[in-house]
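User: Please explain how the descriptive terms applied to this model are justified.

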Amino acid sequence: MKIEANSLVELKDLLDKIMHAPTKSSSNQDVKKLEFKSSMLRKAVAPYAYEKLSQAIIYSKQASGQVKDKQHWIDCSFRAWYLFEREIKRPVN
């Protein structure tokens, strides 16, 4: 299923806000919003794509706040996001 471009932008923006939040607690509202929006996609996308989105969320949450290896978690989130985005943009056979 094709996801609207503005929905993708909104998901990506939330991931960015979470991973760059100054504290984990300051990202809580965005995390809840992102988890809700991603749950709405669960049946709309392939399981592999949903798994990659879930990983991107987990890694973004790991990167939020003042954490050790922050760049590592940001890179992991970007990689999972890239795979999610590539999967949902792939033509349906």
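Analyst: Axes are lines fitted to C-alpha atoms, for helices over the stretch in contact, and angles run from 0 to 180 degrees between N-to-C directions. Helices (H or I, at least four residues) are DSSP runs, numbered from the N terminus. The model is predicted: local features need pLDDT of at least 70, side-chain atom pairs count only at pLDDT 80 or more, and totals for chains, interfaces and linings use all residues. Residues are numbered from 1 along each chain as its sequence is written, and side-chain values use heavy atoms, with hydrogens and water left out.

User: What makes helix 1 roughly antiparallel to helix 4?

Analyst: Helix 1 (residues 5-19) and helix 4 (residues 70-89) pack at about 170 degrees, their axes being 11 Å apart. Angles over 145 degrees count as roughly antiparallel and those under 35 as roughly parallel, so helix 1 is roughly antiparallel to helix 4. Contact means heavy atoms within 4.5 Å; helix 1 contributes residues including Leu8, Leu11 and Leu15, and helix 4 residues including Ile74, Trp81 and Phe84.

User: Why are helix 1 and helix 3 called roughly parallel?

Analyst: Helix 1 packs against helix 3 (residues 47-63) at an angle of about 30 degrees, with the axes 7 Å apart. That angle is under 35 degrees, and the two helices are therefore roughly parallel to each other. Leu15, Ile18 and Met19 of helix 1 meet Ala56, Ile57, Ser60, Lys61 and Ala63 of helix 3.

User: How do you know that the span of helix 1 agrees with the expected value?

Analyst: The expected span is 1.5 Å times one less than the number of residues. For the 15 residues of helix 1 this gives 21 Å, and the end C-alpha atoms are 21 Å apart, which agrees. For the 20 residues of helix 4, 28 Å is expected and the end C-alpha atoms are 29 Å apart, which also agrees.

User: Why are the buried residues of helix 1 said to line one face?

Analyst: Leu8, Leu11, Lys12, Leu14, Leu15, Ile18 and Met19 are buried in helix 1, that is, under 20% relative accessible area with a 1.4 Å probe and protein chains only. Viewed down the axis of helix 1, they fall within an arc of 155 degrees, so they line one face; the arc is that of the directions from the helix axis to the C-beta atoms. These residues pack against helix 2 (28-41), helix 3 and helix 4.

User: Why does Glu87 count as buried or exposed?

Analyst: Glu87, in helix 4, has 16% relative accessibility and therefore counts as buried. Apart from neighbours within four places in sequence, Glu87 is in contact with Ala46, Tyr48 and Ala49.

Terms used:
Angles under 35 degrees count as roughly parallel, over 145 as roughly antiparallel, 65 to 115 as roughly perpendicular and the rest as oblique. Buried means under 20% relative accessible area, exposed over 50%, partly exposed in between (1.4 Å probe, protein chains only).
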